[in-house]
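The following paragraphs offer a guided reading of the structure shown below. Please keep the sequence and the coordinates at hand while reading.

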Amino acid sequence: MSAPGDASSGPVLRAADLSVSFGGRSVVRGVDLEVRPGECLAIVGESGSGKSVTARSLIGLAGPGAAVTAAELELAGRSVVGSSERDWRGARGRDVGFIAQDALVSLDPLRPIGREIGDSLRLHTRLSPAERRRRVLDALASVGLPDAAVRIGQRSGELSGGQRQRALIASAIALRPPLLLADEPTTALDVTVQAQVLDLLTSLKAGGMGILLISHDLAVVAQLADRIAVLEDGRIVETGPTEQLLAEPKAEGTRRLLAAVPFGRPRGTRLSPDGPPTRVASAASGAARAPTRSAPSPVTLEAVGLVKHFRVAGGRRIPAVDGVSFTLEPGRTLGLVGESGSGKSTVARLALALTSPDAGEVRLNGQAWSTLSERQRRPNRSLLGAVYQDALSSFDPRLTVEGILGDALRPREPRERRREEAVRLLELVELSSAVLGTRPVHLSGGQRQRVAIARALAAEPRILICDEPVSALDVSVQATVLDLLDRLQRELGLAYLFISHDLGVIQHVSDTVAVLHDGRIVETGAAEALFRNPEHPYTRRLLAAAPRLPEPAG
Amino acid sequence: MSALDVRAAAPTGAVRVRRAARAGAGEWLALAFLAFVVLAAVAAGLLAPADPLAIDPANAFDPPSLAQLFGTDESGRSIFARVVHGAGTSLLIGVAATALGLGLGTALGVLAGLGGRFVDFGVNRLLEVLFALPGLLLALFLIVIVGPGTLTTTLAVGLSTAPGYARIVRAQLLTVRAAPYTEAATVLGVGWWRKLRRHILPNTLAPLLALGTLGVGQAIVWASALSYLGLGAVPPSPEWGAMLAAGRTYLSTAWWMSVFPGLFIVLTAVSGTVLGRGFQRRTRSR
């Protein structure tokens, strides 16, 4: 019965001994949470720690087959223990707003966003259409979406990623609920957009809204949260005020998450804890047996004035890559950083000669590469390996890990011999040979990416083209993959063309950095110098937007 | 390995995957019925020792009883024996027609998908012409030219389903050809032929298996329809569609003459569909 926005001074969310289980398997075990108005509590954890399920169970959306129990569960001062689906429908939107990770699929593509945002108003209030429209415009203005009157009639497909996320937030806050649940609200976004969304959430918090933020990335959380709860295996292992928790992490899990943040960590430092001794030993022996070619000849990849156009609807041609030149020295890492749409992936495809440039050329070891026919190129294909962002889709869905690696090895060799080789490759990427008979769908994201790296190494390449190899991974998993790539580079003398949108990752892995913006390289230089003293305004903007942990005091 | 699986999938996902993999009661029933039909097709004498063609005018129009499970027809022939012995013909037509349709469709689809722009253009126009005519009409047209019979029915049903399969194969082939894993094979230096053999064709054709299971049921219904119209199997031979037609005249007095063959047509088609769908769901959830 209380008017919207009537947040009393009590906590807007209180949960005691919250547990969730799926068919007898418990996923969340006895979690206590409290969020006060104008406060942000962040739940941080690795994938599988139960953080998303926790958030969803707070709004009665834990999913079919979930058994949710709690000693106490209060939203906006009302107990929701034992609520029916009907009660939940009343509470959602009014007492709590929810922002899901993927704005692309969270908005109905066929409805104008004005209607999407107006839904909660239509369902929970008796406002007139004109009044509703005014409130929708208000909501859009408060999330900083310009031209709200135009946007209101557009569909989600007509908006950019950042605009879409803003529209989604607008729909969550249209009724001014006292609590906002944000599940990885910036994970799919570019850094500059991410910074804008975090700013927006900060201003909502200042306006008195309580926010429960779910994330795997401590650096993102540090910008917004007042308190942090670290979730591991469904239990809160540590909780405390943000500064204190970041400065003096007590739990092992917190320390691991902190160490995994790559930003500001010098090249070559480990981001993940050392593996168990057995694993290190096996990896070392694998490396010892790694057949290094008799003094492998250094291989250089060179791009000269690459241009690639794409045809868009209406026959217009727009340049995706516009005059890009770079040299990848043997054994070094060239980091290519840019936001979505900057042409990064096209550069990767050009380097791999999967598409031919409209102008300019790619040269391998001073010899023609992009101008050759595929048949001429094939003998030298083994010099170049590739690791993709979505490892899963890069594997033939019918094949097991053994089949995938076997294909990458010389297929004419006998089966047992290939199996031995496959085991050796798995050792190289620190995977047990037990995964040989598994299909990649049953592997975790990190394991998949390791299999992808193993496959890329099968032909003993000198260069790896890594296109966003870690951006689909949690920060802690990302840390282990980055450490692996670093070790492989040192042991095998590989050169990396490392493409990423994440400045922190680029800074950590690169010797040289090139900043790509609208298909052009706007700045290039030695990594350290470029990050210390960025010259181009775009680089500065990127750098300012990158989330980072606060400098430890003292 | 199971501990690993659990870790990989989100909790809700894990539950869903397991649900998809488990066969439901419907699928078991469908499987049992099809097993019966297949057994009838290969060893009819074992299930129904009576001669399906033996005339016994004294016992004409007997209703279903313990002695005559499905009753007898106007000449006193056992409907049960005829239904059982007819399974072979129906199943053969269904499987052969589907195989023909799938084979032809696959050939056309692969040709269009790999043959380059001009071949693709030509095949597509041909398919559009075939699509413009309803499938059954195409089958009738063929029978008018060649004359009725089991072989003609098979050919007619097979040919008229081919364009649909061809479309699906072509679309699937184009998708697989541009799939990231095909590209990954290129990057590894895998040659064109090996890519085709190892990745493109298997991934194009695997979904067809499920489609084929669906198709057999459909083909049996079509073939029965043609026989019902007197254009398929010729009368004394025990074919479900023909039996349905023969019973039509006596529907008010001897319902069992039409109902049992009809029931077998429907149940076979439904069972094929249930299994095909389950198959499809399983290959997709992988």
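A residue is called buried when its relative accessible area is under 20%, exposed when that area is over 50%, and partly exposed in between. By this definition, both Asp119(A) and Arg111(A) are buried. The model is a predicted one, and every value discussed here is computed from it.

Asp119(A) and Arg111(A) are also joined to each other: they form a salt bridge in which the closest N and O atoms are 2.9 Å apart. The pair does not stand alone, for salt bridges that share partners join Arg111(A), Glu116(A), Asp119(A) and Arg122(A) into one network. In general, side chains of opposite charge can pair when their charged atoms come close. Over all chains, a search of the whole structure finds 41 salt bridges.

Two further salt bridges in chain A deserve attention. In one of them, Arg14(A) pairs with Glu72(A), with 2.9 Å between the closest N and O atoms. This pair links distant parts of the chain, since Arg14(A) belongs to strand β1 (residues 13-22) of chain A and Glu72(A) to strand β5 (residues 72-75) of chain A, 58 residues apart. Arg14(A) has a relative accessible area of 28% and is therefore partly exposed. Glu72(A), at 31% relative accessibility, likewise counts as partly exposed.

In the other, the side chains of Arg78(A) and Asp95(A) meet at 2.9 Å, N to O. Here too distant parts of the chain are linked: Arg78(A) lies in strand β6 (residues 78-79) of chain A, and Asp95(A) lies in the loop between α2 (85-91) and β7 (96-99) of chain A, 17 residues apart. What is the relative accessibility of Asp95(A), and does this residue count as buried or exposed? Its value is 5%, so Asp95(A) counts as buried. Arg78(A), by contrast, is partly exposed because its relative accessible area is 30%.

Attention now turns to chain B. This chain has 12 helices and zero strands. Its C-alpha trace spans about 80 × 55 × 30 Å along the principal axes. Of the 286 residues of chain B, 45% count as buried. Among contacts in chain B between residues at least 6 apart in sequence, 71% join residues at least 24 apart.

Aromatic rings provide another view of chain B. The count of aromatic pairs comes to 10 over all chains. One of these is formed by Phe70(B) and Phe80(B), whose rings meet edge-to-face, 5.1 Å centre to centre and with 85° between the planes. Phe70(B) lies in the loop between α4 (44-47) and α5 (79-114) of chain B, whereas Phe80(B) lies in helix α5 of chain B, so the pair ties together parts that are 10 residues apart in sequence. Phe70(B) is buried because its relative accessible area is 11%, and Phe80(B), at 16% relative accessibility, also counts as buried.

The rings of Trp255(B) and Phe260(B) have their centres 6.1 Å apart and their planes at 40°, so this pair is tilted. Which of the two residues is buried, and which is partly exposed? Trp255(B) is partly exposed, since its relative accessible area is 42%, while Phe260(B), with 13%, is buried. Both pairs belong to a cluster in which ring pairs link Phe33(B), Phe36(B), Phe70(B), Phe80(B), Trp240(B), Trp255(B), Trp256(B), Phe260(B) and Phe264(B).

The last topic is the interface between the chains. In chain B, 25 residues are in contact with 34 residues of chain A. The size of an interface is often given as the accessible area lost when the parts come together. For chain B and chain A, the area buried between them is about 2,700 Å², of which 61% is on carbon and sulfur atoms.

How many salt bridges are counted between chain B and chain A? The count is three. One salt bridge is formed by Asp407(A) with Arg194(B), whose closest N and O atoms are 3.0 Å apart. Across the interface, nine residue pairs are in polar contact, with both residues of each pair at pLDDT 80 or more. On the side of chain B that touches chain A, the elements that give two or more residues are α1 (2-8), α2 (11-21), α9 (180-187) and α10 (192-228) of chain B. The residues of that side divide into 14 nonpolar, six polar and five charged.

Definitions and conventions:
Residues numbered from 1 in each chain as written. Chains lettered and ligands numbered in written order. Predicted model: local features only at pLDDT ≥ 70, side-chain atom pairs only at ≥ 80, totals over all residues. Heavy atoms only, no water. Contact = heavy atoms within 4.5 Å. Buried area = accessible area lost by both parts, 1.4 Å probe. Salt bridge = Lys/Arg side-chain N within 4 Å of Asp/Glu carboxyl O. Polar contact = N/O pair within 3.5 Å; in protein donor to acceptor, adjacent residues only side chain to side chain. Helix = DSSP H or I, 4+ residues; strand = E, 2+ residues; numbered from the N terminus. Nonpolar A, V, L, I, M, F, W, Y, C, P; charged D, E, K, R; others polar. Buried < 20%, exposed > 50% of the residue type's maximum accessible area, 1.4 Å probe, protein only. Phe/Tyr/Trp six-rings, centres within 6.5 Å; stacked < 30°, edge-to-face > 60°.
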